[in-house]
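Thank you all for coming; I would like to take a few minutes to walk through some helix packing with you. Please have the sequence and the model open as we go.

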Amino acid sequence: MAEFAVRRRGNLALRPTALVGRRAELTELRRLCRPGRMVTVTGVGGVGKTRLALEAAREIQDDFPDGVWVVDLSALRDAALVGHAIARTLRVVDQTARPQLDVLADHLAGRRLLLVLDTCEHLRETAAGVAEVLLAAAPGLCVLATSRQALGLGREQVLPVAPLATADPGTAPFDTAARPPAFDLFEQRAATVLGGFELDARNWHTVARLCRRLEGLPLALELAAGQLRHLPLDDLLERLDDRFQVLVDEDMATTPADTSRHDALRTTVGWSHELCTRQERLLWARLSVFAGDFTPETAAHVCSDSVLLVGDVTTTLARLADKSILTRTEDESGTRYRLLDTLREYGAEWLRELGEKDDLRRRHRDWCLELVERRAREWFGPGQAEIFQHLRSVHADLSAALEYCLTTPGQAQTGLRMAGAMFFYWVGCGFLDEGRTWLDRALALDPEPTPARAAALWINGYIAIKQGDTDRASALLEASQAQAQRTGDRVALANAIHRLGCVALVTDDHARAAVLFKDALARYESLGELNTTVIMARVEFAMTNAFQGDLPFAVELCESVRAICEEHGEGWVKAYALYVLAFARWTEGRTEEATALARESLTLSRTFHDLVCAVLAIELLALFQTAGGSAEDASALQGAAKRIWRTVGLPLFGSAYFNAPHIQGEALARRSLGDAAYDQFFEDGTHLDLDQAVAFAMGARTGHVPSPDSSHHR
């Protein structure tokens, strides 16, 4: 009986602080959030929409066995990347050229899952369209969005969120048992800031006036509490009253409530800004260029200069966090900071006022470019898994830097250079479609025949191969080859010839593939290069020889590559070398060793989200299971592989040679089980998701996949 492991899923973070005064809204959200529904939490900036939505998600997460997944859209500016952001959050790895919405719909169909789309107001139309498509495809899906405005979807359920209740400071009696929630929030945050603070008869009316003045807006109350480190409570209120005089009372009385609250928040943010030192204000503005969170070292690199010295950045960050301008988190990698969306917007406005916007965006881009080029040089080494995780953590900033390049006059060539430098990330870490999107955009902007363009052409061609789009791949690679020959670009020429060999390999033209791989390898040697690209060419040349019947030479090549990988700590290419070696060991009758090699290949490929190598290893393991007498498990594994191939492209590249293990395994399984039982076990396997399929292929035996009636396989 085929079986697999089960575990809780989702990316819902631990609760940062307790939610105050929202019990009625939580109850209503719990009622509204059911499979098949679209629910939007609306309200002005700073009212606590995200905090409320996440708390509701925590309370109902047991209703969604496939997890609660939170997608932060606050820093995303390109609506075309909404689907990619969702896929990245859901850890959906699809390496085909299918539209992203089709990929997501396919992934979510049959799942019971809560998808939280946080901060949608600047992407309302796109977010609504995405939600509509996904809800139609997945009856078990619930979409919970936060936005300053409703998304306008027909089936949308809207929950408006008002500020926390306050009290009239002139009439409210001191009562610790029955006090407005705004008072509770201020007391809690003040206690955190000061290490202890209690409402009492002496400070009651001051707090009441402050909460009333701030309209009960949670973010405004938290910013005010953050100033208590530097100002006594009475002085804090006095300064806040002075700041509010810029708002004319008559205008406030005739202004809609939401506008009044917006003014209250902006005034509080502006007041907090004024209470910052000159250094703090400058750093706040400059930090607005970051799309995600950042380390003190990164902030110093991007934001320091002769005015804001690099040595002052760390202490200034800490002071901004003390004032609740920044959020601060600690993990195994160290301290990270983040600007809330509302405060990032305010900082960006000041950056424009200072005339520094273009300079800081360029400096941020330069930091991203230096990062990916350095990581590209380090990729051929022992830190690949760490590099992958690091770049994933700054993915939003890399996207922002690419967007800057492709929307700023004169920066398209730098965009080509940066998108090309991320080759290892797009190809080796499961972001083929997103990489191809950026490369297509960059190539369309600037036809100048530079080395960056030649590289982008062959990289985009290689991505197209991995997606099974060999016609487009050939066109891109031939364009790169032609430009390289005209301009004398030896590096691009070697790479283009190498990848044309890959096209020949997957289309079963092995004689041509052998010629091209030999040519490319000779060119790499003349360049003195030894890197991931070179050793991958050796593995691909080994595959060509294996398919031509020279398995001993293929093994010799792959053993050499394996040794190089182990010497340098390289894992991505090693997974492919192990795949070839596993097949070779099996042909020699060494099934146990072959299984161990194939499983090691699978483990490595999953580290980098490389589905091509992963599914090739699963196909081999299915063959080994059949030959070992486990036809039921083998049939289910082949079914699981079929589902994975849908996310890769043309199954087994349409190649008779890559397909041989599958055909052989299927024939053996059908002979053992009979057609009806094989088909049923195969169908069971198609219901395994990627994690379940990998766990099953690795030998996990917890939980189970429904099996055919035992009469089918007696």
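Let me begin with how helix axes are handled: axes are lines fitted to C-alpha atoms, for helices over the stretch in contact, and angles run from 0 to 180 degrees between N-to-C directions. This is a predicted model, in which local features need pLDDT of at least 70 and side-chain atom pairs count only at pLDDT 80 or more, while totals for chains, interfaces and linings use all residues. Residues are numbered from 1 along each chain as its sequence is written, and side-chain values use heavy atoms, with hydrogens and water left out. Helices (H or I, at least four residues) and strands (E, at least two) are DSSP runs, numbered from the N terminus.

With that in place, H31 and H32 pack at an angle of about 135 degrees, their axes lying 9 Å apart. Angles under 35 degrees count as roughly parallel, over 145 as roughly antiparallel, 65 to 115 as roughly perpendicular and the rest as oblique, and H31 and H32 are therefore oblique to each other. On the H31 side the contact, meaning heavy atoms within 4.5 Å, is made by Ala-631, Glu-632, Ser-635 and Gln-638, and on the H32 side by His-662, Gly-665, Glu-666, Ala-669, Ser-672 and Leu-673.

Staying with H31, its 16 residues, 631-646, should span 22 Å at 1.5 Å a residue, and the end C-alpha atoms are 23 Å apart, which agrees; the expected span is 1.5 Å times one less than the number of residues. Is H31 enclosed, and how many of its residues are buried? Buried means under 20% relative accessible area, exposed over 50%, and partly exposed in between, with a 1.4 Å probe and protein chains only. By that criterion 12 of the 16 residues of H31 are buried, so this helix is largely enclosed by the rest of the structure. Among the buried residues are Asp-633, Gln-638, Ile-644 and Trp-645, and the elements that cover them include helix H30 (611-627), H32 (660-673), H33 (675-685) and H34 (690-697).

A second enclosed helix is H13, residues 296-303, where six of the eight residues are buried, so that it too is largely enclosed by the rest of the structure. The buried residues there are Pro-296, Thr-298, Ala-299, Ala-300, Val-302 and Cys-303, and they pack against helices H12 (278-287), H14 (310-322) and H16 (357-378) as well as strand S7 (334-339).

Turning to another pair, helix H18 (residues 395-407) and helix H21 (residues 432-445) pack at an angle of about 15 degrees, with axes 10 Å apart, and are therefore roughly parallel to each other. Their contact involves His-395, Ser-399, Leu-402, Glu-403, Leu-406 and Thr-407 of H18, together with Glu-434, Trp-438, Arg-441, Ala-442 and Leu-445 of H21.

Finally, two single residues. His-498, in helix H24 (residues 490-506), is buried with a relative accessible area of 0%, and, leaving aside neighbours within four places in sequence, His-498 is in contact with Phe-517, Ala-520, Tyr-524, Thr-533, Ala-537 and Glu-540. Thr-595, in helix H29 (residues 591-607), is also buried, at a relative accessible area of 18%, and Thr-595 touches Leu-621 and Phe-624, not counting residues up to four places away in sequence.
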